[in-house]
Amino acid sequence: MAWKKTITLKALEKAGNTSVQVGDKVVFIAHSDGKLYAMDGVCSHARCILGTLVQENKTVKCWCHDAVFELENGKMIEPPYVAKNAPMEKLGLKTYEIRESGGFVEVDLPD
Ligand code: FES
């Protein structure tokens, strides 16, 4: 694992959330209630890029088929509407450590 620089904290605070390319990985990052969050930015269902914060900024909804993931732990809590019987426990997203450093948001990602 290694800390990777993404966007400025100021830009993330203004946007609230975004998906960013970090090397060969897409990471969803968010700033909610004064806390930073990071998770895989590619949906586990059909690989759409996430997404938007919903439910008082505690969950992330995929644009494509409305699957919903918990921001805190990446767990899928609503399945894609096109795959209601999808095994949600297997479709959760990986979360990552995230921090502010020198005005930038950094995420601890695999090398
Ligand atoms: S690609 Fe995300 S719900 Fe289908």
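# Exercises on a predicted model

**Exercise 1. Is Arg-47 buried or exposed, and what stands out about its backbone?**

Arg-47 has 9 other C-beta atoms within 10 Å, so it is exposed. This is a predicted model, so treat each number here as computed from it.

- Step 1: compare that count with the cut-off, since a residue with 12 or fewer such neighbours is called exposed.
- Step 2: place the residue in the chain. Arg-47 sits in the loop between β4 and β5.
- Step 3: check the backbone. Arg-47 is not a glycine, yet its phi is positive, at about 70 degrees.
- Step 4: put that in context. Most residues other than glycine have a negative phi.

**Exercise 2. Which loop holds Gln-55, and how exposed is this residue?**

- Step 1: look at phi. Gln-55, again not a glycine, has a positive phi of about 50 degrees.
- Step 2: find the loop. Gln-55 belongs to the one between β5 and β6.
- Step 3: count neighbours. Gln-55 has 13 C-beta neighbours inside 10 Å, so it counts as partly exposed.

**Exercise 3. Which two residues does a cis peptide bond join, and where is Gly-51?**

- Step 1: read omega. The bond between Leu-50 and Gly-51 is cis, with omega about 0 degrees.
- Step 2: recall the usual case. Most peptide bonds are trans.
- Step 3: locate it. Gly-51 is in the loop between β4 (35–40) and β5.

**Exercise 4. What is Ile-49 in contact with, beyond its neighbours within four places in sequence?**

- Step 1: place it. Ile-49 is in the loop between β4 and β5.
- Step 2: list the partners. Setting aside neighbours within four places in sequence, Ile-49 touches Ser-19, Val-26, Gly-41 and Val-42, in the sense of contact used here.
- Step 3: gauge exposure. Ile-49 has 14 C-beta neighbours inside 10 Å, and therefore counts as partly exposed.
- Step 4: try a distance. From Ile-49 to Ile-29 it is 12 Å between C-alpha atoms, with the two 20 residues apart in sequence.

**Exercise 5. What is the strand order in the open sheet of 4 strands, and why do β5 and β8 each have a side without a neighbour?**

- Step 1: write the order. The sheet runs β5-β6-β7-β8, and its pairing is antiparallel.
- Step 2: find the edges. β5 (52–54) and β8 (76–78) stand there with a single partner strand each, so one side of each lacks a neighbour in the sheet.
- Step 3: add the twist, which averages 40 degrees from one strand to the next.
- Step 4: zoom in on one pair. β6 (residues 59–61) and β7 (residues 68–70) are antiparallel and joined by 3 bridges. Thr-59 has Glu-70, in β7, as its bridge partner.

**Exercise 6. How many residues lie between β9 and β10 in their hairpin?**

- Step 1: establish the pairing. β9 (residues 98–101) pairs with β10 (residues 104–109) in the antiparallel sense, over 4 bridges.
- Step 2: pick out a bridge. Arg-99 is matched with Glu-106 in β10.
- Step 3: look at the turn. The hairpin has 2 residues between its strands, and Gly-102 in the turn has a positive phi of about 60 degrees.

**Exercise 7. How does the radius of gyration compare with the globule rule?**

- Step 1: list the elements. The protein has 1 helix and 10 strands, in the pattern β-α-β-β-β-β-β-β-β-β-β.
- Step 2: compare. The radius of gyration is 13 Å, close to the 13 Å the globule rule gives for 111 residues, so the protein is as compact as a globular protein of that length.
- Step 3: add the extents. The C-alpha trace spans about 45 × 30 × 20 Å along its principal axes.
- Step 4: check burial. Of the 111 residues, 27% count as buried.

Notes
Residues numbered from 1 in each chain as written. Predicted model: local features only at pLDDT ≥ 70, side-chain atom pairs only at ≥ 80, totals over all residues. Pairing = 2+ DSSP bridges. Axes fitted to C-alpha atoms, helices over the stretch in contact; angles between N-to-C directions. Buried ≥ 20, exposed ≤ 12 C-beta atoms within 10 Å, placed from the backbone. Rg over C-alpha atoms; globule rule 2.2 N^0.38 Å. Contact = placed C-beta atoms within 7 Å.
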